[in-house]
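I opened this notebook to record what I looked up in one structure. The entries follow the order in which I worked.

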Amino acid sequence: MTGEKSVVDNPASLMWAVRLLYLECAALAGLTVYLVVLDLTSDSVNVGVAVALTVFAALGVAAIFFVARGLGRRTRGARGPAIVIQLFTIATGGFLLQVGPVWLGVVLMVLGVLVGLLTVLPASTRALGID
């Protein structure tokens, strides 16, 4: 009976926000792997900047993962960081709209708005106990 109750208590809006956050985490992990390959195979002039960017991306993967896990566990304090991550996602999308690729900018902006909206919907707010 407990398993059925937990399914009822987890609103679809919150579960979709968590799934999309894990998708963001996987995409950033893929980018991090790509950056590692570039770091190892490139004849880069500025190795320090390349390594710093790769480490920053890896830290982003960890941050998004822990925020997604916190929201999945219905941790009250995970909503704020989830919103901040989405604001960064929207800002990155806006930058890509200016410098390209435009399609990726649009995807990131839509994803950021969608996850942010799903996180603050009343059902998600109630599930997190922030009412």
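The entries below concern a predicted model, and they go from a pocket to one helix and then to two single residues.

**Entry 1. The pocket**

I began with the largest pocket, for which I noted a volume of about 880 Å³. I counted 25 residues in its lining. Leu-28, Leu-31, Ile-64, Thr-89 and Thr-92 are the ones that lie nearest the centre of this pocket.

I then asked which helices supply the lining of the largest pocket. Helix H2 (12–41), helix H3 (47–72), helix H4 (79–99) and helix H5 (102–120) each give at least two residues. The greatest contribution is that of H4, with eight residues.

By class, I recorded 21 nonpolar, three polar and one charged residues in the lining of the largest pocket.

**Entry 2. Helix H4**

Since H4 gives the most to that lining, I examined this helix next. I checked its length against expectation: at 1.5 Å a residue, the 21 residues of H4 should span 30 Å, and the end C-alpha atoms are 31 Å apart, which agrees.

I listed the buried residues of H4 as Ala-82, Ile-85, Gln-86, Thr-89, Gly-93 and Leu-96. Viewed down the helix axis, the buried residues of H4 fall within an arc of 100 degrees, so they line one face of the helix. I also noted what covers these buried residues, and H2, H3 and H5 are included in that cover.

Thr-89 appears twice in my notes: it is among the buried residues of H4, and it is one of the residues nearest the centre of the largest pocket.

On the face of H4 turned away from the buried side, I found the exposed residues Leu-87, Phe-88, Gln-98 and Val-99. Just after H4, Gly-100 takes a positive phi of about 90 degrees.

**Entry 3. Gln-98**

Is Gln-98 buried or exposed? Gln-98 has 69% relative accessibility; the cut-off for exposed is over 50%, and Gln-98 therefore counts as exposed. This residue is found in helix H4. I also looked up its separation from Asn-46, which is 52 residues away along the chain: the two C-alpha atoms are 26 Å apart.

**Entry 4. Thr-54**

My last residue was Thr-54, which lies in helix H3. Its relative accessibility is 8%. Buried means under 20%, so Thr-54 counts as buried.

Which residues does Thr-54 touch, not counting residues up to four places away in sequence? I recorded Thr-32, Leu-35, Val-36 and Asp-39.

Key: Residues are numbered from 1 along each chain as its sequence is written. This is a predicted model: local features need pLDDT of at least 70, side-chain atom pairs count only at pLDDT 80 or more; totals for chains, interfaces and linings use all residues. Side-chain values use heavy atoms; hydrogens and water are left out. On a 1 Å grid over the protein atoms alone, a cavity is a set of points where a 1.4 Å probe fits but cannot get out, and a pocket is an open set with protein on both sides within 12 Å along at least five of seven lines; lining residues have an atom within 4 Å of a point. Grid points are joined across faces, edges and corners, and a volume is the space filled by probe spheres set on the points. Helices (H or I, at least four residues) and strands (E, at least two) are DSSP runs, numbered from the N terminus. Ala, Val, Leu, Ile, Met, Phe, Trp, Tyr, Cys and Pro count as nonpolar, Asp, Glu, Lys and Arg as charged, and the others, Gly among them, as polar. Buried means under 20% relative accessible area, exposed over 50%, partly exposed in between (1.4 Å probe, protein chains only). Contact means heavy atoms within 4.5 Å. The expected span of a helix is 1.5 Å times one less than its number of residues. The arc is that of the directions from the helix axis to the C-beta atoms.
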